[in-house]
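Welcome! Please have the viewer ready as you read. We will look at how nonpolar and aromatic side chains are arranged.

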Amino acid sequence: MGRKVIVAACSLNQWSMDFLGNMKRIIESIQKAKSSGARFRAGQELEISGYSCSDHFFESDTFLHSWEVLARIIAHQDCQDILCSVGMPVRHKNVSYNCQVFFLNKKILLIRPKIMLANEGNYREHRWFVAWTKLKEVEDHFLPRMISDITGQRLVPFGDAVISTYDTCIGAEICEELWNPMSRHIEMALDGVEIFANGSASYHELRKMYIRVDLVKSATMRSGGVYLFCNGFGCDGERCYWDGGSMIAMNGDIIAQGPQFSLEEVTVVTATVDLEDVRSYKQKLGSRSQLAASVKAFPRICADYALSEGDEYNLLVDTKPIVFKLLSPEEEIRLGPACWLWDYLRRSGQGGYFLPLSGGIDSSSSACVVASMCHLICDAVAAGNRIVLHDIQRITGQTDYVPKDPKELASHLFTTCYMGSENSSLETKTYAAELADQIGSYHIGITIDVAVKALLSIFSAACSVMPKFRAHGGSLRENLAMQNVQARVRMVLAYLFAQLSLWARGKSGGLLVLGSANVDESLRGYLTKYDCSSADVNPIGGISKTDLRKFIQHCAKFFKFTALEKIYKAPPTAELEPLEEGRIAQTDEEDMGMTYDELSVYGKLRKQNSCGPYSMFCKLLHISSSECPPEQIAEKVKHFFRSYAVNRHKMTVLTPSYHCESYSPDDNRFDQRQFLYNAKWLWQFARIDAEVQKANNAIHRIQSDIKKPLEYINSPMVNSPQALNSLGSLNRQNLPNSSGVVVNSPADWNTCRKVPMLTTARVVKIKEEAQSSSQPVQTMNYSVIVKDLQQKRPGDYSVREDSIDKYVRYSYPGRGRGMKMEMEPGNPTW
């Protein structure tokens, strides 16, 4: 017997506080779900108001307008005969909750509040909402009169309950509840819930999608069921991008996948599932059934409805399991920021983007993101997306314009400008022009020397001195000021050209200025406050230099931008100091005093591992060597934290950037710390110095121990008639490179015990080869624990194989005429 149903998971490109647009997209998704035959439509978190309303959730208007939108949806003729859940904020007894509202045929069945709120990363739900703490309990909620007039209801259930139809049971989770170690789907599954609807607002981070997939699969693998994960799309007004990726899983398998990045405003993913397969799967899990028999029941809201309506549902074809397609980090960078820029552009009402293109990796990466946006627009228009076509016609001011060539489209939307100076090289100027030509941007080349000299002359007239570069005999303070004035002139010129360049070309509108500072430079503070890093938006501000370099290589192949190959090979440089014989004399990594790879490590330890100076040093101490002793590691860590402390104030004015990395230093919400530090870190650095001394003492002691002679002794096996003897001793400092010692021995032997004349113990690796006239050479590898002979008897020692908990004895069965033994000192274990 089968019981097949069609369910739908929806992803919408909502915009916070755009109640009219949000309502239209919700209704369209319900229409699409119904046309696909779905009998249950699940929606994303807070889709009526938009997720990023932030402090607008303190306003009564936000709740009022949400109810008004819900009233329109419930009453809409296309929203009948389908069970729906939508996300919206609800005030219950003057307390604000983040809720999923279930309704069917102009009746509200259940208002289910969020039980576990997200309060990490960019999430601040505890600021605006309260978690529902009355598990498996419901209360009466008094509906607004505008809703009662439509539904005929005055009271509806509010709380932690599930919905029972004639053929199945449906439960809800809201975003964070899936990620929590005590997810609500666990108890719901034990109580007979077969379909779970998760309305989420999970923002994009590089390499995050596989975590979602694992969570969704595991949600149904242990207890069976159908899981609908509904995540939003787009930039809804904040730094985060909701990257879709809605999916449907059944009994531990993904059976349907929605796009992760898309310019579509409404995406509906459907699947046909057989509920009998869910029941059979649950039945086979004996331990689950034992737990289910004793679980406390959820309140059940009965619905006069069946998902398997009609006589033909068994004729439907089941949706088969698929392999979820995961994108590489380079593909995510190419698509995510491009979609974010498109939403920002069309919703800001501006005419395009302006980018100071320096010919380096960072600004070239921003340019490639815009190029990717142009490709996505052309692809969407070719696929028949009328909303994208309408938006691009409005932006360009051409009502009959149909973009077909991304390069041609870029000439309308994208203006690049090389702002050279007497310190700029011919190579970077050429790289910028070549890349602009290959992308198709409207490119301008200017020099800023006149403006820089004008500003310096004003200072000189007022102070009667003229600052000089370090290369010309100036001090460090003068050198830094000379660099900063160039950088800040570029910002002023960037905004001037952004405002007037379209006017100069006879076009309407203005341009948004793009920034191009990466996350590592922001973390280190390697940027001038109010220079070209100060812009309207920054598509790469949350991406590390390491990932950007890989992204440049990816774009060179994907878009065939050959200029990127030269840009990739060029050393990163700000080009703010004088050239030496026409060549670059300044590089970023030399200026910073650390490499970009090192910066990436520091950033992850600081944010992801929550390390301060002392704990970061301890984390890095294991990499010490003769080439990089503990003192050098300590100095690197100190230099990073000094630079971080001195430059932290720059994060307070950091350009709004696409959030992409989990160690972003964004001061707005993600990385909230002080911006005035004692940059000497007196207490912390003193603890590092003490740890350096301890580490050096330990290293010296270990090196001294290794140089002491090791004595080999024989330990015969029980009942062994003979044993090895006269093995002698070895006294070598570099034993792994030794050729070994050849001894004569009987064939029946146990193994050698190797013991140093020390008070400590460590592991030593042994390699033995048995040579026989009738058999090929046979090799045995094992490790022994070396201990103090004066404190332990030889019989107390054991041979260790593979792990510290597994002790074995060996007996070699062959008959050999000689043994070859090689030993390698291992790492200290005590």
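What follows is a short tour of cores, ring pairs and a surface patch.

## The nonpolar cores

Please keep in mind that this is a predicted model. Its largest nonpolar core holds 62 residues. If you would like good places to centre your view, try the members with the most contacts inside this core: Leu341, Trp342, Tyr353, Met373, Ile377, Leu435 and Leu564. Helix 11, spanning residues 361-382, supplies the largest share of the core, with 13 residues. Another core lies apart from it and has 38 residues, including Ala8, Ile48, Val90 and Ile115. As background, nonpolar side chains in soluble globular proteins tend to be buried together.

Tyr353 is worth a closer look. Leaving aside residues up to four places away in sequence, Tyr353 touches Leu341, Tyr344, Leu345 and Met373, along with Leu413, Phe414 and Thr415. Its contacts also include Leu511, Leu512, Leu514 and Val537.

## Aromatic pairs

How many aromatic pairs does a search of the whole structure find? The count is 25. One of these is formed by Tyr97 and Phe158, an edge-to-face pair with 5.3 Å from centre to centre and 65° between the planes. Tyr97 belongs to strand 4 (residues 95-104) and Phe158 to strand 7 (residues 155-159), so their pairing ties together parts that lie 61 residues apart in sequence. Tyr97 counts as buried because its relative accessibility is 8%, under the 20% cut-off. Phe158 is buried too, at 0% relative accessibility.

Phe640 and Phe641 give another example: their ring centres are 5.1 Å apart and their planes stand at 80°, so this pair is edge-to-face. Are these two rings buried or exposed? Phe640 is buried, with 0% relative accessibility, and Phe641 is buried as well, with a relative accessible area of 3%. Both rings belong to a cluster in which ring pairs link Tyr602, Phe640, Phe641, Tyr644, Tyr677 and Trp681.

## A nonpolar patch on the surface

Now let us turn to the outside. Which residues form a nonpolar patch on the surface? They are Tyr210, Ile211 and Leu326, and together they have about 260 Å² of accessible area.

Within this patch, Tyr210 sits in helix 7, which covers residues 209-221. Tyr210 has a relative accessible area of 44%, so it counts as partly exposed, a class that lies between the cut-offs of 20% and 50%.

How values were computed:
Residues numbered from 1 in each chain as written. Predicted model: local features only at pLDDT ≥ 70, side-chain atom pairs only at ≥ 80, totals over all residues. Heavy atoms only, no water. Patch = residues over 30% accessible without salt bridge, like charges linked within 9 Å, V, L, I, M, F, W, Y side chains within 5 Å. Areas by Shrake-Rupley, 256 points an atom, 1.4 Å probe, with all protein chains shown as cover. Salt bridge = Lys/Arg side-chain N within 4 Å of Asp/Glu carboxyl O. Helix = DSSP H or I, 4+ residues; strand = E, 2+ residues; numbered from the N terminus. Buried < 20%, exposed > 50% of the residue type's maximum accessible area, 1.4 Å probe, protein only. Core = buried A, V, L, I, M, F, W, Y, C linked by side-chain atoms within 4.5 Å. Contact = heavy atoms within 4.5 Å. Phe/Tyr/Trp six-rings, centres within 6.5 Å; stacked < 30°, edge-to-face > 60°.
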